[in-house]
Amino acid sequence: MNINLKSKLGRVSLNNPVLVAAGTFGFGEEYAKLIDLNKLGGIVTKTVTLEPREGNPPPRLAGTPAGLLNAIGLENPGIDVFLEEKLSFLSQFEARLIVNIAGEEEEDYLTLAKRLSEKEKIDALEINISCPNVKERGLAFGTDPERTFSLVKKLSEVTNIPLIIKLTPNVTDISEIAQAAEEAGAEALSLINTVLGMSIDVETRKPQLGNITGGLSGPAIRPIAIRMVRDVFQKVSLPIIGMGGITCSEDALEFILAGASAVAVGTANFVDSRTAPGIVEGIKEYMQRKGVENFEDLIGWLENST
Ligand SMILES: Cc1cc2nc3c(=O)[nH]c(=O)nc-3n(C[C@H](O)[C@H](O)[C@H](O)COP(=O)(O)O)c2cc1C
């Protein structure tokens, strides 16, 4: 059987549906020494902001029984360094290049999008409107459908690069935000970003994180993410990149059956850098076993439980 792993996120065609998630893969340089980046469907960069950011005070990571609590706070070298030092390296691979951006004001996002539009080789922008670790403003856009609509609309007027909107689970109804992004001209959606959390050291009676609260990622959040992907898939017609606790091909397939057109591996990259390429192989084996030739036939291929 001739297995076809190609998938599409609007105008962006992927050689395979397995990406790596923002902030867990840096700008690819370290991982390129460990795995063949050409085997990935796409690379999503660490969030890039206009100015360099140092991020939050330490400690910025805390382990939990089935996940990781982080409050990095969007540490990154800023757009100038990204364009001068990181972009050409990332452009050399077959994997689609998705640059993740964030700002504090609408204007920041628009400036970033315009500057990135001058460059070739960027296949899509992932718009981070969902970071829980930036004081006050991180979630300002992603928890408000009107602000989401306004931002995405303005972005679509200043750039022709496909826009993927990254949604936060820290809302009552994620599909409302997804619909606003769709109406405003988004090309695809990424979900989910981390789930707001907190943990405490009972001996010192201090929060485990310098920022007090952080974002929970890893297997603990997978059922939340699966539920949200299914919900958005039923209400919105945009392609979805599903993420949240993916560690192996079975995890990835859960997202795909729930309606994701692609998946992204995040925290698991820290455990084993070979996770994402291994998932590509695992999906292929599943398709062979199920007699499915085209990956796109798997998307939303969910049976009712009754
Ligand atoms: C240490 C760390 C840093 C992250 N940094 C970013 C970031 O810069 N931008 C972003 O959009 N998401 C960021 N995320 C969120 C991930 O991209 C992903 O949405 C989330 O972790 C869920 O996937 P996972 O459970 O597979 O990690 C970060 C996650 C972690 C664990």
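This passage describes strand S7 with its neighbours, and then the packing of helices H5 and H6, in a predicted model.

Strand S7 spans residues 96-101. The strand is mostly covered, with 5 of its 6 residues buried. S7 pairs with strand S4, which comprises residues 42-44. The pairing of S4 and S7 is parallel and extends over 3 bridges. Within it, Val44 is placed opposite Ile98 of S7. S7 also pairs with strand S8, formed by residues 124-128. Here too the sense is parallel, and 4 bridges link S7 and S8. In this pairing Ile98 stands opposite Ala124 of S8. Ile98 of S7 thus has Val44 as a counterpart and Ala124 of S8 as another.

The connection between S7 and S8 involves helix H3, which covers residues 106-117. Together, S7, H3 and S8 constitute a β-α-β unit of right-handed sense.

A separate feature is the packing of two helices. In general, such a pair is described by the angle between the helix axes and the distance between those axes. Helix H5 (residues 174-184) packs with helix H6 (residues 222-235) at an angle of about 45°, and their axes are 9 Å apart. H5 is therefore oblique to H6, since the range from 35 to 65 degrees falls into that class. The crossing of H5 past H6 is right-handed. On the H5 side, the contact is made by Ile174, Ser175, Ala178 and Gln179. H6 contributes Met228, Asp231, Val232 and Lys235 to the contact.

Definitions and conventions. Residues are numbered from 1 along each chain as its sequence is written. This is a predicted model: local features need pLDDT of at least 70, side-chain atom pairs count only at pLDDT 80 or more; totals for chains, interfaces and linings use all residues. Side-chain values use heavy atoms; hydrogens and water are left out. Buried means under 20% relative accessible area, exposed over 50%, partly exposed in between (1.4 Å probe, protein chains only). Helices (H or I, at least four residues) and strands (E, at least two) are DSSP runs, numbered from the N terminus. Two strands pair if DSSP finds at least two bridges between them. A crossover is right-handed if, with the strands pointing away from the viewer, the path from the first strand over the helix to the second runs clockwise. Axes are lines fitted to C-alpha atoms, for helices over the stretch in contact, and angles run from 0 to 180 degrees between N-to-C directions. Angles under 35 degrees count as roughly parallel, over 145 as roughly antiparallel, 65 to 115 as roughly perpendicular and the rest as oblique. A crossing is left-handed if the near helix is turned anticlockwise from the far one by less than a right angle, and right-handed if clockwise. Contact means heavy atoms within 4.5 Å.
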